[in-house]
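I sat down with this model to look up a handful of places in it and to write down what I found at each. The entries are in the order in which I made them.

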Amino acid sequence: MPRIPADEILIAGQWRLGGGLPIHTVDPADGTVLATVHAASPEDVNEAAHAAAAAAAAPEWRDLRPHRRARVLYRIGDLIEEHADDLAALQTADTGKTLAETRALALSAAGTFRYTAAALETAEEAITPSRGPYLTMSTYEAIGVVGAINPWNSPIASDAQKVAPALGGGNAVLLKPAEWTPLVSLAFGRLVHRVLTEEGLPTALLAVLPGKGRVVGDAIVRHPLVGRIGFTGGTATGRAIARAAADKLVPASLELGGKSPTIVREDADVEQALAGVMYGIFSSSGQSCIAGSRLFVHRSLYDSFVGELVERVRELRVGPGTDPGTQVAPLVHHAHRDAVAAAVDRALEEGGRVLCGGAAPEGERYAGGAYYLPTVIDSLPNSARVCQEEVFGPVLVALPYADEDELVALANDSVYGLACGIWTRDARAAWRLGRRIEAGTVWINTYKQFSISTPFGGMKDSGLGIEKGRDLIRAYQRQKSLYWGTDATPLPWAN
Ligand code: NAD
């Protein structure tokens, strides 16, 4: 059992109990209550926003040169890495994920801070071409207070992807973790708080404000001092946030849901494709926005490929995230497991055939846990709900296709456009398909590889705006143009 930090949250630079309802956060491996976190209230959000605005405007932060801000980010990255084992254990307890995955997520958060620091140190402001007797410059300035709202599936990595560029851009941040998984964000907040204290900077530069339901997130989005929203979560929530941001005329980046196609062409390396398709959907127990949840296999090898896949899926080791042998860990919460089970029931009602899984595993090992067996379904048209709606669990739906035009039509027949996997030995076909599929990220002969240096975003209902990449800090800044007269040429109305 990892050491659970105190149940306080970080409001206006201070650790204290929030004024909202308590959150009892649960270990989904066995259902035990891990901690009771005293969530924030709307009044806490208001106090945190005012303190954050003052912190962002404080000369010791506002006037800190980019290379000095970078030093703060490097230090946070180093501290996260030093504590990677503790952070991983805490996140495994709170989310159920395997320790291998949560350790990788902690290290990726450390890497995000370092990458952002390096980008900050090397960012340049441009002198733009002059069209008259003046010098023109394009500069970037902090926005002030940024709201960062995250889902439960990869807390520390999503936290870093917003907090690092927001701080790098000279802002203060109000971070809202998901109700089911507040613990690792609070532990991350303690590390950032420590660095800010050691560097003599305002500790209100980061608030960590867990909340029940939508109350806290909504209070952050609507707060008049919050000038930019970074959101990752479901599409319906993203729309609500976009509407609220539009009312205030502030920018919002939205990383939303997905129903990503993974395509096995007739010329694929079958061994590689089998492993890739399984990893693409069943790692993280399918609780990944980029999960390859719709499998399209060329008709000529559909039966053999899907038959072999089902054999291998039956062999996947289901168990607690703390067991090094586990491949498929419990889902994040019992309520979510029930929602996944309901989606499979709907598929059956629509005439689907469950080829494996389709139930919670039985036995002492799984008692009290939010487990669900990895599941493969077929015999459904692409219009079936399980082919169109995001399940966000270990459920793969398989469909055959006859030719490339049919494949593209089926793959693009989705409201989502987040990711796509293509398994083929034909480089030209990979290029053609990669360009024709509507998705923000396309993997060819690989899947779910991620790099902070590569921009990431969704098309259609999968999102708006880009995270990561060399310009990640610019997304959390305002651009300003300066014109500076260079000679005494009189303006038209000068006497
Ligand atoms: P969710 O939309 O229910 O909640 C996300 C966050 O928004 C939580 O912190 C929640 O408290 C907050 N929230 C809820 N209502 C709000 C409102 N009206 N205003 C402001 N904040 C509000 O999502 P979830 O169930 O926590 O996460 C699963 C979803 O996240 C899936 O759809 C998944 O695809 C998506 N996701 C997307 C990406 C991506 O990068 N595209 C990454 C991970 C997860």
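The notes below go from the domains to the ligand and then to single residues.

**Entry 1: the model and its domains**

I note at the start that this is a predicted model. I looked up how the protein chain is divided, and the assignment gives domain 1, made of 8-256 together with 462-481, and domain 2, which covers 261-444. Taking the C-alpha centres of domain 1 and domain 2, I find them 31 Å apart. The contact between these domains draws on 20 residues from domain 1 and 25 residues from domain 2.

**Entry 2: the ligand and its shell**

I turned next to the ligand and asked which of the 26 residues around it come nearest. They are Asn150, Lys176, Thr237, Leu256 and Glu390. Sorting the residues of the shell by character, I get 12 nonpolar, 9 polar and 5 charged. I also checked the shell against the domain bounds, and domain 1 and domain 2 each supply at least three residues to it.

For the oxygen atoms of the ligand I looked at polar backbone atoms of glycines. An oxygen atom of the ligand lies 3.3 Å from a polar backbone atom of Gly213, and for Gly233 the corresponding distance is 3.4 Å. At Gly234, an oxygen atom of the ligand is 2.8 Å from a polar backbone atom. How much of the ligand does the protein bury? The ligand taken alone exposes 850 Å², and the protein buries 85% of that. The elements giving two or more residues to the shell are helix H8 (215-222), strand E10 (226-232) and helix H9 (235-248).

**Entry 3: two residues of helix H5**

I looked up Thr116, which sits in helix H5, residues 99-122. Is Thr116 buried or exposed? Its relative accessible area is 0%, so Thr116 counts as buried. Setting aside neighbours within four places in sequence, I find Thr116 in contact with Leu73, Ala164, Pro165, Leu472 and Ile473.

Ala117 is also found in helix H5. Ala117 counts as buried because its relative accessibility is 0%. With neighbours within four places in sequence again left out, the contacts of Ala117 are Ala70, Leu73 and Tyr74. For Ala70 I took down the backbone separation as well: the C-alpha atoms of Ala117 and Ala70 are 4.3 Å apart, although 47 residues separate the two along the chain.

**Entry 4: Asp44 in helix H1**

Asp44 belongs to helix H1, which runs over residues 42-57. With a relative accessible area of 7%, Asp44 falls under the 20% limit and is therefore buried. Apart from residues up to four places away in sequence, Asp44 touches Ile11, Arg16, Gly18, Gly19, Gly20 and Ala39. One of these, Ile11, is 33 residues from Asp44 in sequence, and the C-alpha atoms of the two are 6.7 Å apart in space.

**Entry 5: Lys97 in a loop**

I went on to Lys97, which lies in the loop between helix H4 (84-95) and H5. Is this lysine, Lys97, buried or exposed? Lys97 has a relative accessible area of 4%, so I enter it as buried. What does the side chain of Lys97 reach? It reaches the backbone oxygen of Asn153, at 2.9 Å. Leaving out neighbours within four places in sequence, I list Lys97 as in contact with Thr92, Thr102, Leu105, Asn153, Ser154, Ser284, Gly321 and Ala329.

**Entry 6: two residues with positive phi**

Last, I looked at backbone angles. Ser285 is not a glycine, yet its phi is positive, at about 50°. I place Ser285 in the loop between helix H10 (270-282) and strand E13 (294-298), and its relative accessibility of 2% means that Ser285 counts as buried.

Lys448, likewise a residue other than glycine, has a positive phi near 60°. The loop that holds Lys448 is the one between strand E19 (441-444) and strand E20 (459-460). Lys448 has a relative accessibility of 14%, and so I enter Lys448 as buried.

Conventions
Residues numbered from 1 in each chain as written. Predicted model: local features only at pLDDT ≥ 70, side-chain atom pairs only at ≥ 80, totals over all residues. Heavy atoms only, no water. Near = heavy atom within 4 Å. Polar contact = N/O pair within 3.5 Å; in protein donor to acceptor, adjacent residues only side chain to side chain. Areas by Shrake-Rupley, 256 points an atom, 1.4 Å probe, with all protein chains shown as cover. Helix = DSSP H or I, 4+ residues; strand = E, 2+ residues; numbered from the N terminus. Nonpolar A, V, L, I, M, F, W, Y, C, P; charged D, E, K, R; others polar. Domains from an automatic or database assignment. Buried < 20%, exposed > 50% of the residue type's maximum accessible area, 1.4 Å probe, protein only. Contact = heavy atoms within 4.5 Å.
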